[in-house]
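Dear colleague,

I am handing over a structure for your attention. Please look it over before reading the notes that follow.

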Amino acid sequence: MSTTTLPGTEREIAAGAAISLRGLRKHFGPVRAVDGVDLTVAPGEVLALLGPNGAGKSTTVDLILGLTRPDAGEVHVFGRRPDQAVRDGVIGAMLQGGALIEDATVGEVVGMVAALHRRPQAAATALAEAGVADLVKRRCKKLSGGQRQRVRFAIALVSDPDLLILDEPTAAMDVETRRHFWHNIRALTATGKTVLFATHYLEEAESYADRVVLMRAGAVVADGTVAQIRATAAGRTLRAVLPGSDHGSLVLLPGVTHADLRGEHATIASTDSDATLRALLNHYPGARDIEITTVGLEDAFLALTSQEDK
Ligand SMILES: Nc1ncnc2c1ncn2[C@@H]1O[C@H](COP(=O)(O)OP(=O)(O)OP(=O)(O)O)[C@@H](O)[C@H]1O
């Protein structure tokens, strides 16, 4: 059968997608935690999942891991159902606040988890990849917050997974530990592993992700490289004093996505500030005090996630 005749999900599975989410929904009573998410992640991609509190990131992660069942839609991880993918050791996960056995040593805990998998890698290798080989004899109850996170990372690595799912992995880490953590992740992605991480640190998305998916109120509101997200959000902002202008003609200028006019003071969002500026000077020869500012990822994030619910 030709793959072009297959429906979307089957086509992605046939093409070997690392993660395929189709029409995914999960509601908790009136709360639409995940509200119709479609997402395909290719093998080897490093994807950052961003969004404000309550956007649905953790619920999406739980659905990918099979920790919760969708109300509608489908999840596939390397062509398998989530529970099967977890059983096969294809997914390694590092979740917020995952429990450790407090009286056991780090080496014992990682060794125990290794024993649960069919084809684990050596516990010592996972500990080294997570940068905690020196903590092997330390009891878990003695670990600091950042060290606990790295031990959870070692546990995620022990099945030698093809896909790593990390939910706010660096939340408890100091600057130095965070840097080491991302260094270790880079070494792993260089070997072709797929990584999906949820984070509130925009600079982590900017520095380490090939692709950013921005969620808001259970839906994907932007999906692309950091540069594409910035451009989608707002491009640049032009401010000027424009005698004789009116709102209706400002929004018709090329590249303008939004215009705000207070008296003669205009604030204009544009995806093509050069074209907007040329047209502006043409239409309003009396324009003065012109100022153009670039929008950063943080502004883009706020612009895309803070709009009122429709
Ligand atoms: N088990 C649950 N029961 C009821 N509501 C839930 C449950 N889990 C999540 N929610 C709600 O679903 C919405 C999405 O939550 P989720 O934890 O997925 O968001 P998030 O993007 O991970 O947020 P944060 O950045 O704060 O971790 C929130 O409104 C949350 O209160």
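Does Trp182 count as buried, partly exposed or exposed? Trp182 counts as partly exposed because it has 17 C-beta neighbours inside 10 Å. The classes are defined by the number of other C-beta atoms within 10 Å of a residue's own: 20 or more for buried, 12 or fewer for exposed, and partly exposed in between, with C-beta atoms placed from the backbone.

Before the remaining findings, a note on conventions. The model is predicted: local features need pLDDT of at least 70, side-chain atom pairs count only at pLDDT 80 or more, and totals for chains, interfaces and linings use all residues. Residues are numbered from 1 along each chain as its sequence is written.

Overall layout

The protein contains twelve helices and 13 strands; these are DSSP runs numbered from the N terminus, helices being H or I of at least four residues and strands E of at least two. Its C-alpha trace spans about 75 × 50 × 40 Å along the principal axes. Of the 310 residues, 39% are buried. Among contacts between residues at least 6 apart in sequence, 67% join residues at least 24 apart; a contact requires C-beta atoms, placed from the backbone, within 7 Å.

The domain assignment gives domain 1 (3–230) and domain 2 (235–294), such bounds coming from an automatic or database assignment. The C-alpha centres of domain 1 and domain 2 are 43 Å apart.

The six-strand sheet

One open sheet has six strands in the order 5-6-7-3-8-9, with mixed pairing; two strands pair if DSSP finds at least two bridges between them. Strand 5 (91–94) and strand 9 (219–224) are the edge strands, and each has a single partner strand, so one side of each is left without a neighbour in the sheet. On average, neighbouring strands of this sheet are turned by 15 degrees against each other, direction ignored. Axes here are lines fitted to C-alpha atoms, for helices over the stretch in contact, and angles run from 0 to 180 degrees between N-to-C directions.

Strand 8 (residues 211–216) pairs with strand 9 in the antiparallel sense over five bridges, and Arg216 stands opposite Ala219 in strand 9. Helix 6 (residues 145–157) packs on the sheet, where it touches strand 5 and strand 6 (163–167), and its direction makes about 170 degrees with that of strand 5. Helix 12 (residues 297–305) lies across strand 3 (46–50), strand 8 and strand 9, at about 35 degrees to strand 8.

The residue of the opening question, Trp182, is found in helix 7 (residues 175–189). The C-alpha atoms of Trp182 and Ala130 are separated by 10.0 Å, with the two residues 52 apart along the chain.

The three-strand sheet

A further open sheet has three strands in the order 2-1-4, with antiparallel pairing. Its edges are strand 2 and strand 4 (72–77), each with a single partner strand, so one side of each is left without a neighbour in the sheet. Strand 1 (residues 19–28) and strand 4 run antiparallel and are joined by five bridges. Within strand 4, Glu74 stands opposite Arg22. Helix 2 lies across strand 1, strand 2 and strand 4, running at about 60 degrees to strand 2.

The ligand shell

The residues around the ligand include Phe28, Val31, Asn53, Lys57 and Thr59; a residue belongs here if its C-beta atom, placed from the backbone, lies within 6 Å. Strand 2 (31–41) and helix 2 (57–64) are the elements that give two or more residues to this shell. The largest share, three residues, comes from helix 2. By class, the shell has four nonpolar, six polar and one charged residues. In this scheme Ala, Val, Leu, Ile, Met, Phe, Trp, Tyr, Cys and Pro are nonpolar, Asp, Glu, Lys and Arg are charged, and the others, Gly among them, are polar.

Asn53 is placed in the loop between strand 3 and helix 2. Asn53 counts as exposed because it has 6 C-beta neighbours inside 10 Å.

Strands 10 to 12

Strand 10 (residues 236–241) and strand 12 (residues 265–270) run antiparallel, joined by six bridges, and Leu238 has Ile268 as its bridge partner in strand 12. Strand 11 (residues 256–262) also pairs with strand 12 in the antiparallel sense over six bridges. Strand 11 and strand 12 form a hairpin with two residues between them, and Gly263 in the turn has a positive phi of about 60 degrees.

With kind regards

Notes. Two residues are in contact if their C-beta atoms, placed from the backbone, lie within 7 Å.
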